[in-house]
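The paragraphs below walk through one model step by step, beginning with a charged stretch of the surface and ending with a chain seen as a whole. Please keep the sequence and the three-dimensional view at hand while reading.

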Amino acid sequence: MSGIAASAWVGELAQRHLDAAYNLGRWLLGNDHDAADAVHDAYVRAARAAHTYSGGNARAWWLAIVRNCCLARLSTRGRERALDDTTTVLPRTAANDVEERVDAAQSSVRLAAHLRALPAEFREALVLREFEDLSYREIADVLGVPIGTVMSRLSRGRALLQRALATGPAAEAADGL
Amino acid sequence: MDCNDSRSLLDAYLDKELDRAEARELEAHLDGCAACRAELTRLDALRVALRDRALRYPAPAALRERIALTAARDTDHAHAVPEDYAAAPRAVRGRAPGWLALAAACVLAFGAGGMIVHNWSPRSGGDASALLAHDLFASHWRALVAASPVDVVSSDRHTVKPWFAGKVAQAPVVADFAEQGFALVGGRIDYIGAQRVPVLAYRHGQHLIDVYVLPPDAATLPSEAREQGYSIERATLGGQPAAVVSDLDGIELAKFERLLSTRG
């Protein structure tokens, strides 16, 4: 399908799951600009490929395209540019000017830094599970791996994250990226 | 089940990906193993921390507009009716091209923007509430598909209450309201997050009602929680906070809550 019907349908899908798409891209690519471009690429690609959608979970289909666009961008980007703007760690924080929130904000800064330092395969599985609340089946569809692999990546990713939180200071983890 | 088996299942358990039988087997192990319970608590704490909204990046409005514009342009350029038009989802059939679609895209972007504002408005405390509601619904639905929604089957409160003793810190107040149309069917213990919580099950006609007696330090329940026709209502039972999960309608639910509160 092309033209009117395709782009309208995919447009609605993309808008509905735009936060999920952008968040995934942002965690994979490490900066706002690349994440936005990758998601836009993904939309264009999805609209053109709408006829290849053969039923099933539309969100997983869309996020799989987003992820592919991110990986493509990562590989062309190579090493020529800095991976991340680690100094501006958090997009926004629940902490306003309330003092008691400062601790919470600091621990999320630490957590964000450690999550960012995780190898991508663990990071993306955790982002899809914890931020988007995808089921193992849906994550398997997005990543194109068996469910058993999803399970082991989540489990390993959490173990790595816990170990990092227990030992290394966040700043080192961020710099080491 | 030994600790190695248990550890390999803890993640899937917290993710609600174990089937009822596996979950039961794991819970039986957890009941007797403090080390695995501690590990579950650590994993749960990480889960709560990761679900902090501060870690998420919402899509910028500019990206939303950019995609809406690209979508509108594509629609505008498509003059020919696609040949597999019939295959298009019904909702998009017959949509007028051109400015109408552009307008629709803008409305969509606007509506979606509104949803974000809505989703983002709760404070971080909202996450704990949402997680609690999520766990309660998951537990209730698991009970609905299980062979039996209870572990101790009895309409006799003198059987149910002692069954809880020793399994949870404080056995809940157990009352039967069979005469009023809400018959006690039994009790069970469920994990909500990493905490063991006593659950009393009642039946009203075809409806199963689960009453979760929450620990004093539990997160505050959202003021309104509904999902797929089921709801969570706040209640008190014997002075303890409780959550009533069911698919009862408002009037019957209010009646049941009144009955409960007479025991509180």
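With a relative accessibility of 40%, Asp2(B) counts as partly exposed, and this value, like every other one here, belongs to a predicted model. Along the chain, Asp2(B) sits in the segment that comes before helix H1 (3–14) of chain B. On the surface, Asp2(B) gathers with Asp5(B), Asp19(B), Glu22(B) and Glu25(B) in a patch of negative charge.

From this patch we can turn to the strands of chain B. Seven strands make up an open sheet in chain B, in the order E1-E2-E3-E4-E7-E6-E5, and their pairing is antiparallel. The edges of this sheet are strand E1 (152–153) and E5 of chain B, each of which pairs on one side only. As a general matter, the strands of a sheet pair through backbone hydrogen bonds, in either a parallel or an antiparallel sense.

The end of the sheet that holds E5(B) can be followed bridge by bridge. Strand E5 (residues 225–227) of chain B pairs with strand E6 (residues 230–237) of chain B in the antiparallel sense, over three bridges, and within this region Glu227(B) has Tyr230(B) in E6(B) as its bridge partner. The two strands E5(B) and E6(B) form a hairpin with two residues between them. Gln228(B), which lies in the loop between E5 and E6 of chain B, has a positive phi of about 50° although it is not a glycine. Is Gln228(B) buried or exposed? Because its relative accessible area is 66%, and the cut-off for an exposed residue is over 50%, Gln228(B) counts as exposed.

On its other pairing, E6(B) meets strand E7 (residues 240–246) of chain B, again in the antiparallel sense, and here the pairing runs over seven bridges. Two of the contacts can be picked out by residue: Ile232(B) has Val245(B) in E7(B) as its bridge partner, and Ala235(B) is matched in E7(B) with Ala242(B). E6(B) and E7(B) also form a hairpin with two residues between them, and in this turn it is Gly238(B) that has a positive phi, of about 55°.

A positive phi in a residue other than glycine is also found in chain A, where phi of Asp133(A) is near 60°. Asp133(A) lies in the loop between helix H6 (120–131) and helix H7 (136–143) of chain A, and, since its relative accessibility is 33%, Asp133(A) counts as partly exposed.

Asp133(A) leads on to the charged pairs, of which the structure holds 24 in the form of salt bridges over all chains. In general, side chains of opposite charge can pair when their charged atoms come close. One of these salt bridges joins Glu124(A) to Arg67(A), with the closest N and O atoms 2.8 Å apart. This pair links distant parts of the chain, for Glu124(A) belongs to helix H6 of chain A and Arg67(A) to helix H4 (residues 58–77) of chain A, and the two are 57 residues apart. Both Glu124(A) and Arg67(A) are buried.

Another salt bridge, between Arg137(A) and Asp141(A), has its closest N and O atoms 3.1 Å apart. Because Arg137(A) and Asp141(A) are four residues apart in helix H7 of chain A, about one helical turn separates them. With a relative accessible area of 47%, Arg137(A) is partly exposed, and Asp141(A), with a relative accessible area of 38%, is partly exposed as well.

Which two residues form a salt bridge with the closest N and O atoms 2.7 Å apart? They are Arg158(A) and Asp11(B). Arg158(A) lies in helix H8 (residues 147–166) of chain A whereas Asp11(B) lies in helix H1 of chain B, and therefore the pair joins two chains. Arg158(A) is buried, as is Asp11(B). Salt bridges that share partners extend this pair into one network made up of Arg129(A), Glu130(A), Asp133(A), Arg158(A), Asp11(B), Asp15(B) and Arg51(B), and Asp133(A), the loop residue with phi near 60°, thus reappears as a member of that network.

It remains to view chain A as a whole. Chain A has nine helices and zero strands, and its pattern along the sequence reads α-α-α-α-α-α-α-α-α. Of the 177 residues in chain A, buried residues make up 53%.

How values were computed
Residues numbered from 1 in each chain as written. Chains lettered and ligands numbered in written order. Predicted model: local features only at pLDDT ≥ 70, side-chain atom pairs only at ≥ 80, totals over all residues. Heavy atoms only, no water. Patch = residues over 30% accessible without salt bridge, like charges linked within 9 Å, V, L, I, M, F, W, Y side chains within 5 Å. Areas by Shrake-Rupley, 256 points an atom, 1.4 Å probe, with all protein chains shown as cover. Salt bridge = Lys/Arg side-chain N within 4 Å of Asp/Glu carboxyl O. Lys, Arg positive; Asp, Glu negative; His and termini not counted. Charge placed at Lys NZ, Arg CZ, Asp CG, Glu CD. Buried < 20%, exposed > 50% of the residue type's maximum accessible area, 1.4 Å probe, protein only. Pairing = 2+ DSSP bridges.
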